[in-house]
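Work through the following exercises with the sequence and the structure side by side, and try each task before reading its solution.

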Amino acid sequence: MDAVICLGCVVKGDTPHFDFVCQGVTQGITHLNVKYGKPVIFGVLTTDNQQQAIDRAGGKHGNKGDEAAITAIKMVSLNNELKEK
């Protein structure tokens, strides 16, 4: 395994649960990056509503999954370059 891409979506509701989940995901992915030294790409959308999630998941605002995959490829390449030096 050269990289991990974490994809998901958290849609804001009427409770502070959204903030707790987003914070937990962010901390968890950061921890994985530090612990394993492999790229763990943050592809989790944090949105205010379902339409915003759809737009960002492949609609008018691009495709965050594609962006995460491109980032993973770039990070693996960078890691390989650094190992060669």
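**Exercise 1. Establish how many helices and strands the protein chain has, and in what pattern they follow one another.**

Solution. Counting the elements of this predicted model gives three helices and two strands in the protein chain. Reading along the sequence then places them in the pattern β-α-β-α-α. As for overall dimensions, the C-alpha trace spans about 50 × 30 × 15 Å along its principal axes.

**Exercise 2. Determine how S1 and S2 are joined, and in which direction they run relative to each other.**

Solution. Begin with the bridges, of which eight join S1 to S2, and note that the two strands run parallel. One position to look up in the model is Cys9, which stands opposite Leu45 in S2. Next, follow the chain from S1 through H1 to S2, a β-α-β crossover that is right-handed.

**Exercise 3. List the residues of the largest nonpolar core, and find which elements each supply at least two of them.**

Solution. The core has seven residues, namely Cys6, Val10, Phe18, Cys22, Ile29, Val40 and Val44. Assigning them to elements shows that strand S1 (4–11), helix H1 (17–36) and strand S2 (40–47) each supply at least two, while the largest share, three residues, comes from H1. Now take Ile29 as an example: leaving aside residues up to four places away in sequence, Ile29 touches Cys6, Val40, Phe42 and Val44. To set the core in the context of the whole protein chain, note that buried residues make up 20% of its 85 residues. Furthermore, among contacts between residues at least 6 apart in sequence, 65% join residues at least 24 apart.

**Exercise 4. Locate the one salt bridge that the structure holds, and decide whether each partner is buried, partly exposed or exposed.**

Solution. The general principle is that side chains of opposite charge can pair when their charged atoms come close. Here the side chains of Lys64 and Glu67 meet in a salt bridge, with a distance of 3.3 Å from N to O. Both residues lie in helix H3 (residues 64–84), three residues apart, which is about one turn of the helix. For the classification, the step needs the cut-offs: buried is under 20% relative accessible area, exposed is over 50%, and partly exposed is in between. Lys64 has a relative accessible area of 24% and is therefore partly exposed, and Glu67, at 37% relative accessibility, likewise counts as partly exposed.

**Exercise 5. State what share of the accessible surface of the protein chain belongs to carbon and sulfur atoms.**

Solution. The accessible surface comes to about 6,000 Å², and 56% of this area belongs to carbon and sulfur atoms.

Notes:
Residues are numbered from 1 along each chain as its sequence is written. This is a predicted model: local features need pLDDT of at least 70, side-chain atom pairs count only at pLDDT 80 or more; totals for chains, interfaces and linings use all residues. Side-chain values use heavy atoms; hydrogens and water are left out. A nonpolar core is a set of buried Ala, Val, Leu, Ile, Met, Phe, Trp, Tyr and Cys residues joined through side-chain atoms within 4.5 Å. Buried means under 20% relative accessible area, exposed over 50%, partly exposed in between (1.4 Å probe, protein chains only). Helices (H or I, at least four residues) and strands (E, at least two) are DSSP runs, numbered from the N terminus. Contact means heavy atoms within 4.5 Å. Two strands pair if DSSP finds at least two bridges between them. A crossover is right-handed if, with the strands pointing away from the viewer, the path from the first strand over the helix to the second runs clockwise. Accessible areas come from the Shrake-Rupley method with a 1.4 Å probe; for residues, only the protein chains shown count as cover. A salt bridge is a side-chain nitrogen of Lys or Arg within 4 Å of a carboxyl oxygen of Asp or Glu.
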